[in-house]
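Thanks for making the time this morning. Please bring up the sequence and the coordinates, and I will talk through one helix and then some aromatic pairs.

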Amino acid sequence: MPELDFNAPRLFVDAPLNPGERIALEKNQSNYLGNVLRLAAGEQVLVFNGRDGEWQARILGRKRPDSLEILTRTRPQDRLPDISYVFAPLKHARLDYMVQKAVEMGASRLQPVLTRFTQVSRVNGERMRANVIEAAEQCGILTLAAVAEPMPLDRFVGQRQPQRLLVFCDEAAETASPLGALQHGSTGTDGIDILIGPEGGFAEQERALLLRQPKTLRLALGPRILRADTAGVAALALVQAALGDWAAPG
């Protein structure tokens with residue numbers, strides 16, 4: 001576990017990070033530093049851009065923070081495990097929660113898919129990305145998860161790389177130890193897609209389509225039915241513990 005500074009505020013900046021570089025703050029960032037955190041010129045924050053690691057930066061500005069001066073790098077850039085979180089969209093508040101938790105759990109890609117029983121057909125990609133950035137800022141994460149455009153489930157299945165492991169979380173599967181199933185006979189060396197369905201579950205035609213795919217592992221997440229956002233957190237924790245960067249090095 002890298003040593004993190006949990007006291008210093010962290011900001012995502014979409015600009016190259018090099019010593020001496022000056023970066024203009026966006027209006028909301030200036031307001032956050034000056035009016036919310038009550039920081040002034042000369043004080044320091046941590047910044048990252050998803051590419052160049054984490055850096056110390058000095059706040060500049062006379063009446064209010066208006067720019068940052070990049071000082072020294074505090075952490076090198078890292079890489080997230082190749083885990084895609086594939087999910088049927090939820091309503092706003094629960095989708096916000098789910099995106100934030102997927103980022104905290106280390107997902108590197110968020111892929112909404114539309115299924116027969118999906119209750120939400122429109123997804124605000126900008127809002128999803130804002131939640132990705134906020135979770136990364138708060139949790140010391142340096143790499144931003146990619147946010148993909150929604151697509152029908154059958155198109156996703158047709159386009160995905162067949163060598164990737166598909167972890168198909170299905171409430172209709174036989175209840176067994178999901179951790180044991182992941183640990184025995186499964187590998188994620190070519191990437192992992194974790195699929196969580198809508199609140200109404202998968203249609204039989206969708207279930208049949210998924211079970212025909214190569215390298216598919218069908219999991220029941222315990223003896224109780226979980227809400228979709230809870231199921232996502234549970235599935236990501238299981239996969240990270242068994243096959244991801246929570247697992248002990250082999």
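What covers the buried residues of helix 2 includes strand 6 (83-87) and strand 7 (109-114), together with helix 3 (125-139) and helix 7 (228-242); I should say at once that this is a predicted model. The residues of helix 2 that are buried are Arg94, Leu95, Asp96, Met98, Val99, Ala102 and Val103, so charged side chains are not what I will dwell on here, only the list itself. As for the length of helix 2, which covers residues 92-104, its 13 residues should span 18 Å at 1.5 Å a residue, and this agrees with its end C-alpha atoms, which are 18 Å apart. Just after helix 2 comes Gly106, which takes a positive phi of about 100°.

Let me turn to the aromatic rings, of which a search of the whole structure finds 3 pairs. One of them joins Phe12 and Phe48 in an edge-to-face arrangement, with 5.7 Å from centre to centre and 65° between the planes. Phe12 belongs to strand 1 (residues 10-12) and Phe48 to strand 3 (residues 44-48), so that the pair links distant parts of the chain, 36 residues apart. Both Phe12 and Phe48 are buried.

Another edge-to-face pair is that of Phe168 and Phe202, at 5.1 Å centre to centre and with 80° between the planes. Because Phe168 lies in strand 10 (residues 165-169) while Phe202 lies in the loop between strand 11 (192-196) and helix 6 (204-211), this pair ties together parts that are 34 residues apart in sequence. Phe168 counts as buried, at 0% relative accessibility, and Phe202 is buried as well, with a relative accessible area of 5%.

Conventions:
Residues are numbered from 1 along each chain as its sequence is written. This is a predicted model: local features need pLDDT of at least 70, side-chain atom pairs count only at pLDDT 80 or more; totals for chains, interfaces and linings use all residues. Side-chain values use heavy atoms; hydrogens and water are left out. Rings of Phe, Tyr and Trp (its six-membered ring) pair if their centres lie within 6.5 Å; planes under 30 degrees apart count as stacked, over 60 as edge-to-face and the rest as tilted. Helices (H or I, at least four residues) and strands (E, at least two) are DSSP runs, numbered from the N terminus. Buried means under 20% relative accessible area, exposed over 50%, partly exposed in between (1.4 Å probe, protein chains only). The expected span of a helix is 1.5 Å times one less than its number of residues. Contact means heavy atoms within 4.5 Å.
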